Amino acid sequence: LGIAWEGAVRAAGPRVMALDDLGRVHDSDVLLDQNFYADPAARYAPDCARILLLGPRYALLRPEFAAARVHVAPRHGDIGRMLLFMSGTDAGDATSVALDAVEKAGLAHLPMDVVIGAAHPAREAIMARCAANPAWTLHVQTMRMAELLAAADLAIGAGGSATWERCALGVPTLAVELADNQREVLREGAEAGLLYTAGGAPRAESLALHLRALVGNP
C-alpha cells in the first residue's frame with residue numbers, strides 16, 4: 001500500500017491515516033511515524049498529510065506501559081536483572097547470538113528474562129539453553145513485557161518498535177541493528193542518549209565487549 005492506494009481511497013471519501021517508518025511518499029490525512037530523528041519533518045514532503053504525528057511522543061504503546069511507568073525509578077548501581085528480546089520474529093536468531101555474548105562476557109550467572117515469539121526458528125535450542133541455566137527464565141509469546149521491562153536493570157534488544165517500550169520504562173539498553181531501517185533510528189537515538197548501540201549486525205564478541213562496558217559503568 002502506498003500513495004496510489006491512499007489517493008484512490010481518499011478520493012472515495014474516507015479519511016486515511018498512514019503509519020510509516022521509512023520516510024515514504026504519502027497522500028494521507030494523518031501521518032504517524034513514531035521513531036526518533038533529529039529532524040523528523042525533513043523525511044516527509046510538506047503536503048504528504050494534513051496532520052503530522054512525528055516522534056516517540058506518539059509511540060504506539062499498549063496501556064500497560066503507561067501504567068508500569070508510574071512505578072519505575074532510574075536504574076543505578078549493580079545489575080540485578082537483565083532482559084533479552086530480539087523482536088517477535090527474530091528470523092536470523094539474534095537471540096542465540098546475544099546468549100553467546102552474555103556467556104562470553106562472564107554474565108551468565110545474572111538473572112535474565114529471555115523473551116521469544118512462539119514461531120522463533122530456534123525455539124527448541126533456546127528452551128534447552130535456558131533450562132540448563134537456572135539464572136535464565138524463558139518467556140514464549142508473553143503478554144507481560146511491561147512487567148518484565150520494569151524489573152530489568154539492563155536490556156538487550158533490537159531497534160524496532162520495542163525501542164519505545166524500553167524507553168517508556170527507562171530501561172538502559174544495548175540495542176542492535178536487525179534491519180536496515182533501524183540503523184538511522186539507533187544512530188540518532190544513541191547520539192541523543194536514548195540508548196546504547198553496538199552498531200551493525202549483532203556479533204557475539206562485539207556484544208560481549210559492550211556488555212562488559214555497560215555492566216562496569218553503574
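This is a guided tour of a predicted model, with suggestions for what to select at each stop.

**The whole chain**

Start with everything in view as a cartoon. You should be able to pick out 8 helices and 9 strands in the protein. The radius of gyration is 19 Å, close to the 17 Å that the globule rule gives for 218 residues, so the protein is as compact as a globular protein of that length. If you align the view to the principal axes, the C-alpha atoms fill a box of roughly 60 × 35 × 35 Å.

Now colour by burial. Of the 218 residues, 44% are buried. For a contact map, take the contacts between residues at least 6 apart in sequence: 54% of these join residues at least 24 apart.

**The sheet of 3 strands**

Next, select strand 1 (residues 17-19), strand 2 (residues 28-33) and strand 3 (residues 49-54). Together they make an open sheet in the order 1-2-3, with parallel pairing. Strand 1 and strand 3 are the edge strands, each pairing on one side only. From one strand to the next, the twist averages 20°.

Look at the pairings one at a time. Strand 1 and strand 2 are joined in the parallel sense over 3 bridges, and Leu 19 stands opposite Leu 32 in strand 2. On the other side, strand 2 pairs with strand 3 over 5 bridges, again in the parallel sense. Here you can pick Asp 33, which stands opposite Leu 54 in strand 3.

How many of the 6 residues of strand 2 are buried? The count is 6 of the 6, so strand 2 is largely enclosed by the rest of the structure.

Zoom in on Val 30, which is found in strand 2. With a relative accessibility of 17%, Val 30 counts as buried. Show its surroundings, leaving aside neighbours within four places in sequence: Val 30 is in contact with Val 16, Met 17, Ala 18, Ala 49, Ile 51 and Leu 53. Then draw a distance from Val 30 to Asn 217, C-alpha to C-alpha. The two are 187 residues apart in sequence and 42 Å apart in space.

**A charge over a ring**

Select Tyr 37 and Arg 43 and show their side chains. The charged end of Arg 43 sits over the ring of Tyr 37, at 3.7 Å from the ring centre. How many aromatic pairs does a search of the whole structure find? The answer is 0.

**The sheet of 6 strands**

Move on to the other sheet, which is open and has 6 strands in the order 6-5-4-7-8-9, with parallel pairing. Strand 6 (136-140) and strand 9 (196-197) stand at its edges with a single partner strand each, so one side of each is left without a neighbour in the sheet.

Within this sheet, select strand 4 (residues 82-85) and strand 7 (residues 154-158), which pair in the parallel sense over 4 bridges. Leu 84 is the residue to click here, as it stands opposite Ile 156 in strand 7.

**Helices on the sheet**

Add helix 4 (residues 123-132), which lies across strand 5 (112-116) and strand 6 and runs at about 150° to strand 6. Then add helix 8 (residues 204-215). This one lies across strand 7, strand 8 (173-176) and strand 9, and runs at about 160° to strand 8.

Helix 7 (residues 183-191) comes next. Its buried residues are Val 185, Leu 186, Glu 188 and Gly 189. What do they pack against? Their partners are helix 6 (162-168), strand 8 and strand 9. Following helix 7 is Gly 193, with a positive phi near 80°.

**Two loop residues with positive phi**

Finish with a pair of loop residues. Asp 90 sits in the loop between strand 4 and helix 3 (94-104). Its phi is near 50°, a positive value in a residue other than glycine. Gln 141 lies in the loop between strand 6 and helix 5 (145-150), and its phi is near 55°, also positive in a residue other than glycine.

Is each one buried or exposed? Asp 90 is buried, with a relative accessible area of 3%. Gln 141 is exposed, with a relative accessible area of 53%.

Technical notes
Residues are numbered from 1 along each chain as its sequence is written. This is a predicted model: local features need pLDDT of at least 70, side-chain atom pairs count only at pLDDT 80 or more; totals for chains, interfaces and linings use all residues. Side-chain values use heavy atoms; hydrogens and water are left out. Rings of Phe, Tyr and Trp (its six-membered ring) pair if their centres lie within 6.5 Å; planes under 30 degrees apart count as stacked, over 60 as edge-to-face and the rest as tilted. A charge sits over a ring if NZ of Lys or CZ of Arg is within 6 Å of the ring centre and within 35 degrees of the ring normal. Two strands pair if DSSP finds at least two bridges between them. Contact means heavy atoms within 4.5 Å. Axes are lines fitted to C-alpha atoms, for helices over the stretch in contact, and angles run from 0 to 180 degrees between N-to-C directions. The radius of gyration is taken over C-alpha atoms; the globule rule is 2.2 Å times the number of residues to the power 0.38. Buried means under 20% relative accessible area, exposed over 50%, partly exposed in between (1.4 Å probe, protein chains only).
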